[in-house]
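Reader: I'm new to this one, and I'd like to know what stands behind the words people use for it. Can we go through them together?

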Amino acid sequence: MDDSTPLLVIVDGANVVGSVPDGWWRDRRGAAERLRDRLAARGLAGYGGDGGAVDIVLVVEGAARGVASVPGVHVEDAPGNGDDHMVDLVARATGRRCLVVTADRELRRRVTELGAEVTGPRAVRD
């Protein structure tokens, strides 16, 4: 692994948004935008424990699709299943350190088999 390459943080938008019952289901896209903005504001610099830079990818699906990227957070619409898209992102990040933010047990299993680290939604929630 190249130590100069930023940590890739992949955020399971649906799982993180759904982790707090704050009415997100009334406006899924708005909830995803609020999460994106929190991620951008925090920047997650040093999230990997080494003070280094990170690349943040927020994966959205379903009614949350269409959220625009902002500086610091690249938003990707999952073409189908969000979990499959996140697994694909990890698989394509060959040789790069990846951290997936989700509480989904099956997704955690799938990405750790590919070498990714995982953490829960609390790591990125206010």
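Reader: How much of the protein chain counts as buried, and what makes a residue buried?
Author: This is a predicted model, and in it buried residues make up 41% of the 126 residues. A residue gets that label when its relative accessible area is under 20%.

Reader: Why is Arg 36 called buried or exposed?
Author: Its relative accessible area is 10%. The cut-off for buried is under 20%, so Arg 36 counts as buried. Arg 36 sits in helix α2. Leaving aside residues up to four places away in sequence, Arg 36 touches Leu 58, Val 67, Ala 68, Val 70, Val 73 and Val 75.

Reader: And what makes Asp 22 buried, partly exposed or exposed?
Author: Asp 22 has 45% relative accessibility. Buried would need under 20% and exposed over 50%, so with 45% Asp 22 comes out as partly exposed. You'll find Asp 22 in the loop between α1 (13-17) and α2 (28-42).

Reader: How do you know that Asp 22 makes a polar contact with Trp 24?
Author: A polar atom of the Asp 22 side chain lies 3.2 Å from the backbone nitrogen of Trp 24. The limit for such a pair is 3.5 Å, so this one qualifies.

Reader: Is there something like that at the start of α3, and what is the distance there?
Author: There, a side-chain oxygen of Asn 81 comes to within 2.7 Å of the backbone nitrogen of Asp 83.

Reader: Which residues of α3 are buried, and what covers them?
Author: Helix α3 spans residues 82-92, with Gly 82, Asp 83, His 85, Met 86, Val 87, Leu 89 and Val 90 buried. Their cover includes strands β1 (7-12), β2 (54-60), β3 (73-77) and β4 (98-101), along with helix α4 (105-113).

Reader: How many helices and strands are there, and in what order do they run?
Author: The chain has four helices and five strands. Starting at the N terminus, the order is β-α-α-β-β-α-β-α-β.

Reader: Why is the chain called as compact as a globular protein of that length?
Author: Its radius of gyration is 13 Å, and the globule rule gives 14 Å for 126 residues; the two are close, so the description fits. The C-alpha atoms fill a box of roughly 40 × 30 × 25 Å along the principal axes.

Reader: What share of the contacts joins residues at least 24 apart?
Author: It's 57%, taken among contacts between residues at least 6 apart in sequence.

Notes
Residues are numbered from 1 along each chain as its sequence is written. This is a predicted model: local features need pLDDT of at least 70, side-chain atom pairs count only at pLDDT 80 or more; totals for chains, interfaces and linings use all residues. Side-chain values use heavy atoms; hydrogens and water are left out. Helices (H or I, at least four residues) and strands (E, at least two) are DSSP runs, numbered from the N terminus. The radius of gyration is taken over C-alpha atoms; the globule rule is 2.2 Å times the number of residues to the power 0.38. Buried means under 20% relative accessible area, exposed over 50%, partly exposed in between (1.4 Å probe, protein chains only). Contact means heavy atoms within 4.5 Å. A polar contact is a pair of N or O atoms within 3.5 Å; within protein, one must be able to donate a hydrogen and the other to accept it, and residues adjacent in sequence count only if both atoms are side-chain atoms.
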